[in-house]
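Work through the exercises below with the model open, and attempt each task before reading the solution that follows.

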Amino acid sequence: MNEPPTRKPPVRRPIKRKKVVKTVVPAKTPLGKGKKAAKPFPTREQIAEFLKSRDDTVGKREIARAFHITGDDRVRLKELLQDMAEEGQLEKRRGRRMRAPGAAALPNVAVLRIVAIDSDGEALAQPVRWEEDEPPPRISMAAEGRGQGALAVGDRVLARLQQDEDGSWTGRTMRRLENQTDVRVVGVFRRGRDGQGRIVPADKRARDTWPVREGDTGGAKDGDLVEALVEASDRLGPRRTVVTARYGDAEDPRSISLIAIHAAGIPTDFRPKALAQAEAAEPAALGNRVDLRLIPLVTIDGADARDFDDAVWAEPDPDHPGGWHLIVAIADVAHYVPPGSPLDRDAFERGNSCYFPDRVVPMLPEALSNGLCSLRPDEDRACLAADLWIDQHGQLKRHRFRRGLMRSSARLTYEQVQAARDGQPDETTGPLLEPVIAPLYGAYQALLAARDKRGTLELDLPERKVQLGEDGRVASIGVRPRLDSHKLIEEFMIAANVAAAETLSDKSLPALYRVHDQPDRARVEALKEFLEPLGYTLSLGQVMRPRVFGQVLARAQGRPEEPMVNEMVLRAQAQAVYSPDNLGHFGLALPRYAHFTSPIRRYADLTVHRGLIRLLGLGKDGATEEELSRLEEIGTHISVTERRAAQAERDAVDRYLASWLSDRIGAILPGRIGGVAKFGLFVKLDESGADGLVPISTLPDDYYDHDEAAHALVGRRWNRVFRLGARVRARVTEADPLTGSTVFALVDAGHGADVEGLPPLPGPDRRGPPRIGMRSGPRSGRKPGSGPLRGPRR
């Protein structure tokens, strides 16, 4: 059999490459026909225009590529860019990036993270990626489309960005980047007609419900208040929702506080070791303590108070005519809660106690908070006492701290003490009037004089009080009275707090201070612009002082715009926090301030007690090195828990108010415009202080612009003005106790709602040309304000 012929492998010959000879052509020598002309080097103006055309920053390589710059011209480009930067024709950014001066710092499209929900309910965002030196700009997110749930803190979205004329940014969601993290939901479990279980969220910002599979209901029944975990998922479609806890019937009025508590994630159960430690605690013996039991110290608290952590006493100072000797005795919580113990860990986690109309979520177990640490009358209690000596002008001259054993002479209420002072003592206060109550008021007058001299910030913001009946439903809603007895205790506590801060600061021991920084200059400028049309002047020197704001508040007292001015001055202030860096307390006009007087309900005060015990050698249970090294972390954590508690308390009151208003649908009640947003107005009712939304769609027909500086909605067509602080009458149209949301409609709003006595808003004629889809004039000869018309809204 013949085999196929064997093929020889191909011979690979080396490829001969043609030698390329580079020819350098002089700049002025014309090239021959057919040669490609070199690109001209860009001018400064061309580079500036290129930077302006870009949405983001660019590098030198991108500029060189855009203008076809190669070779030695790159060095020339580098020198030109350096000259342009020095002359202000471009801005250098991080990572050798550049942009046009004053150019937008954000691209047209970016991934954003929702970082906060402001007081008007608008979502605020920041770019996920931010490489600039200055803080990222604030981005206000436009309302989500119909059928889309409201954005919540932590959500990530792909958004289209637009910079407004005033330099602010607005974002519009293009796509949500969700399903990447677990979400905790508190709401009501409902079963539909098809038997499908769903959770209706208690968060007023949430519009969607969460479906629950049959095996994930956790035994929840229709109408149960539940907590659930919405699990993370990389897949499209509904995420798995698992009921993790049930809290009883959502229709029970006592569930209102539970919703706020669990929605905020406030711990409610103590660990077994912490409870065992509290139950095992025993009353403190006298030992090395100072015996204060013969001094008639008294506690003065609200009628509904359940823990009493401070007692007071005063006498004239025999060594200084007109001066006073004060004792502020505080429960010695540090004796029962050593650093690092189970009780300490649980107290740190909570950060503070939370107070609701029907219950308290304490920082410490009741065996301590209502027992051994509560300064009950006629019972021996361990205390840390501050002896304070003030002169006739209320100035703190000297002070000392002692660990003692005290016995409260009486548990008094603010109303009792004030009535006794006003000549109406009862069986308890009668015997105490001259020996105890009168000296307290004498020392208070001296402290008040010192406060007035410092020029503190005195905001008049009424506190709502919800009174519940035996059935747990709202019986009445009012405003807590502001009596001299309240101010008396406040001044005594402030004096003790100052003494604690001075003691720790003078000895340079690390401590947690209560810090209230100066207000941000931009906020103050905005406040100034707001006040000027009202006829107020706000003098802004190099150093801002609270007295300046106090003068504005004093002038507004008794005037129609008083609530509005108080609210705007508050919004201009910085938020008080806990920090080991002492920045002083701006509102109280004090250079050093620390919380010392409430260790039962504030972890910050407990750390201050421990610091004093260590510094003054008052025992072995003072601050440890480990605790002192963690003060910054502790301060950050308890600042967050403080805000968490305050928000939960407000949410609970809002839900109680909504419950109260749900029985008054259709009622017309007087109030004021307390907030202005792009999507409507917020009205605060006079009687109850309840806040409700007036959607912009319910206002008389027009196209409304949101004048942020004037805090007003202004109609383009008819020049109607709805301004912050204006008196209005509102009809209750919706009230949902589950979410705490209420919706109002303005009555007689045809001509707008402006503040009495205010000049018209400045600026050009706002009516302007009609936009597409808007009517250019009234129908059938109707006069402006004669009634509602149906049309487009903003």
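**Exercise 1.** Determine whether Asp 748 is buried or exposed, and describe the salt bridge it forms with Arg 729.

Solution. Begin with the classes of relative accessible area, where buried means under 20%, exposed over 50% and partly exposed in between, with a 1.4 Å probe and protein chains only. Asp 748 reaches 61% and is therefore exposed, while Arg 729, at 41%, is partly exposed. Next apply the salt-bridge rule, which asks for a side-chain nitrogen of Lys or Arg within 4 Å of a carboxyl oxygen of Asp or Glu. In the pair Arg 729 and Asp 748 the closest N and O atoms are 2.8 Å apart. Finally, place the partners: Arg 729 is in strand β32 (residues 727-736), Asp 748 is in the segment after β33 (741-747), and the two are 19 residues apart, so that the pair links distant parts of the chain. Helices (H or I, at least four residues) and strands (E, at least two) are DSSP runs, numbered from the N terminus.

The model is predicted, so local features need pLDDT of at least 70 and side-chain atom pairs count only at pLDDT 80 or more, whereas totals for chains, interfaces and linings use all residues. Residues are numbered from 1 along each chain as its sequence is written, and side-chain values use heavy atoms, with hydrogens and water left out.

**Exercise 2.** Characterise the salt bridge between Glu 144 and Arg 176, and set it within the salt bridges of the chain.

Solution. The closest N and O atoms of Glu 144 and Arg 176 are 3.3 Å apart. Glu 144 belongs to the loop between β5 (139-141) and β6 (156-163), and Arg 176 to strand β7 (residues 169-176), a separation of 32 residues. Glu 144 is buried, at 12% relative accessibility. The rule gives a count of 43 salt bridges, and Arg 289, Asp 332, Arg 403 and Asp 621 are linked in a network of them.

**Exercise 3.** Where do His 68 and Ser 508 lie, and what is the sign of phi at each?

Solution. Recall first that most residues other than glycine have a negative phi. His 68, although not a glycine, has a positive phi of about 55 degrees; this residue is found in the loop between α2 (60-66) and α3 (73-86) and is exposed, with a relative accessible area of 51%. Ser 508 likewise has a positive phi, near 60 degrees. Ser 508 lies in the loop between α10 (484-506) and β24 (513-515), and its relative accessibility of 63% makes it exposed.
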